[in-house]
Amino acid sequence: MATAEMIAETPVAAEVAELIARSRAAQAQIENATQEQVDHWIRGMVYAVCKPGLAEEIAQETVDETQLGNYEGKFKKIFVKTRATLMDIIDDKSVGVIEEDRERNIVKIAKPVGVIGALSPSTNPEATPVIKAISAVKGRNSIIICPHPRAKLINAKICNLMREALVKMGAPADLVIPIEQPSVEKTNEVMKQCDRILATGGSAMVTAAYSSGTPALGVGVGNAVITVDETADLDDAAEKILISKTLDYAASCSSDNSVILLDAIYDKMLAKLQEKGGLVLDNEQKGKLQKAIWEDGEHINAKVVAQSPQFIANYAGFEIPEATKFFIVPESGAGKDHPFSGEKMTVTMALYRARDIDEAIALTNAIQAYQGQGHSCGIYSSSDENIMKLAKGTRTSRVMVNQPQAASNSGNLWNGMRQTFSLGCGSWGGNGTNNNVTWRDLINETWVSKPLEQTKTIPSDEELFGKDIIETIG
């Protein structure tokens, strides 16, 4: 490990080196902590920010500072998501022997990585620091959290609440350190000097994480595509698409960006989406909305991200009914010439029509080849055949079945997915993992291998290769 003196070549590098030194010293103090200790600490860290009264305060302050999303969405994340994440990991064994494979006579021992450098986005700044911090401490690591500048105040508040809780429980405050005056340069330095990066944020920052020279766990672009087939419960599907599309004004990259309706239920399902507050835009409105979302035809305009439909319509220059909850934009193609096929970060849903499940799979792959490959897709269906056909035919890490995508693919009480805000997208999304990233990704593992009770023997060539191979190869 490099010392602060070796690293400190610029003022920013020197400042970060001091933070890293503090973080490393705190981590050294808990290197040999017990399971009971780390579980006690993470309970206190979560309660310190999600307790009644304070959670409401954090939710409102997050909206006030970032001007993104809405109070209801922020409150659910800080009050419910943090509790659910704690519940999801609290009984996991993360200290000492964590796994035994008796058949192969292998024992796995968990060991900390050291200092985690974490990026926290402006769209989920209320729960991300908490979830990443408890995942780090669960593995006996320390963490430095680099917020988006738009969320620096709420990040500092949340981190300082966790720091105070740690001290009250007899642990070092510096297990959690916020970057209080963030900058791209400072974040890059943290990524260079820490031991592992946990990157959630824009594609530029994730790319920087992978280019830092430090082992990184990054996430790919969202752009979830949802299929509704002829066997679906349409009322249930419409309600859950509404929930997913409007949660926190679509701040999440897991929001339903495109919905594919099969021919057999197209008109009926579209009517149900309209009943839920979906407004189908005409060509003129579609053109105005396109100019509002993409300033230069390519990059999303930050002014409309995670805003209400009324705000976006006013900004774009068209009128909408008061009851409008989200926009429905009819679309047929995918790629740069069809920008609505990409991620929109707004309450805007592209609508596609497909003959059957095979065409829906082809559309999903075409849409996500443009943006979002490897992240997530979903289906509303009661046909196991269609569900598995979609799962096998798409290049995706997650297929959410009969669930609101944005509220489900990062884990929720109604499914068994790991609770997190860091969703690996595999090689399809340029990531090294498909996992819902959690504490298990933030440890080192030592494998202890003992001799097998009975030594394995290589079978005869006829058993191993088969007669056909032997005869074919000659």
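**Aromatic pairs, a small sheet and a nonpolar patch**

In this predicted model, the count of aromatic pairs comes to five. One of them joins Tyr 71 and Phe 75: the ring centres lie 6.0 Å apart and the planes meet at 15 degrees, so the pair is stacked. An angle under 30 degrees is what the label "stacked" asks for. Both residues belong to helix H5, which covers residues 71-89, and they sit four residues apart, about one turn of the helix. Tyr 71 is partly exposed, with a relative accessible area of 33%. The grouping goes further than two rings, as Tyr 71, Phe 75 and Phe 79 form one aromatic cluster.

A second pair is made by Phe 318 and Phe 327. Here the centres are 6.0 Å apart and the planes stand at 65 degrees, an edge-to-face arrangement. The cut-off for that label is an angle over 60 degrees. Are these two rings buried or exposed? Both Phe 318 and Phe 327 turn out to be buried.

Attention now moves to the strands. Three of them build an open sheet in the order E1-E2-E15, and the pairing is antiparallel. Which strands stand at the edges? These are E1 (96-101) and E15 (443-449); each has a single partner strand, so one side of each is left without a neighbour in the sheet. On average, neighbouring strands of this sheet are turned by 25 degrees against each other, with direction ignored. Strand E2, spanning residues 106-112, pairs with E15 through seven bridges in the antiparallel sense. To find one contact between these strands by eye, look for Lys 111, whose bridge partner in E15 is Asn 444.

The last feature is found on the surface. A nonpolar patch of about 630 Å² is formed there by Ile 458, Leu 464, Phe 465, Ile 469, Ile 470 and Ile 473. Two helices, H17 (461-465) and H18 (467-473), each supply at least two residues of the patch. Which helix gives the most? That is H18, with three residues. Ile 469, a member of the patch, lies in this helix. Its relative accessible area is 39%, so Ile 469 is partly exposed. That value also fits the requirement for patch residues, which must have over 30% relative accessible area.

Methods:
Residues are numbered from 1 along each chain as its sequence is written. This is a predicted model: local features need pLDDT of at least 70, side-chain atom pairs count only at pLDDT 80 or more; totals for chains, interfaces and linings use all residues. Side-chain values use heavy atoms; hydrogens and water are left out. Two strands pair if DSSP finds at least two bridges between them. Axes are lines fitted to C-alpha atoms, for helices over the stretch in contact, and angles run from 0 to 180 degrees between N-to-C directions. Patches are made of residues with over 30% relative accessible area and no salt bridge: like charges are joined within 9 Å, nonpolar side chains (Val, Leu, Ile, Met, Phe, Trp, Tyr) within 5 Å. Accessible areas come from the Shrake-Rupley method with a 1.4 Å probe; for residues, only the protein chains shown count as cover. A salt bridge is a side-chain nitrogen of Lys or Arg within 4 Å of a carboxyl oxygen of Asp or Glu. Buried means under 20% relative accessible area, exposed over 50%, partly exposed in between (1.4 Å probe, protein chains only). Rings of Phe, Tyr and Trp (its six-membered ring) pair if their centres lie within 6.5 Å; planes under 30 degrees apart count as stacked, over 60 as edge-to-face and the rest as tilted.
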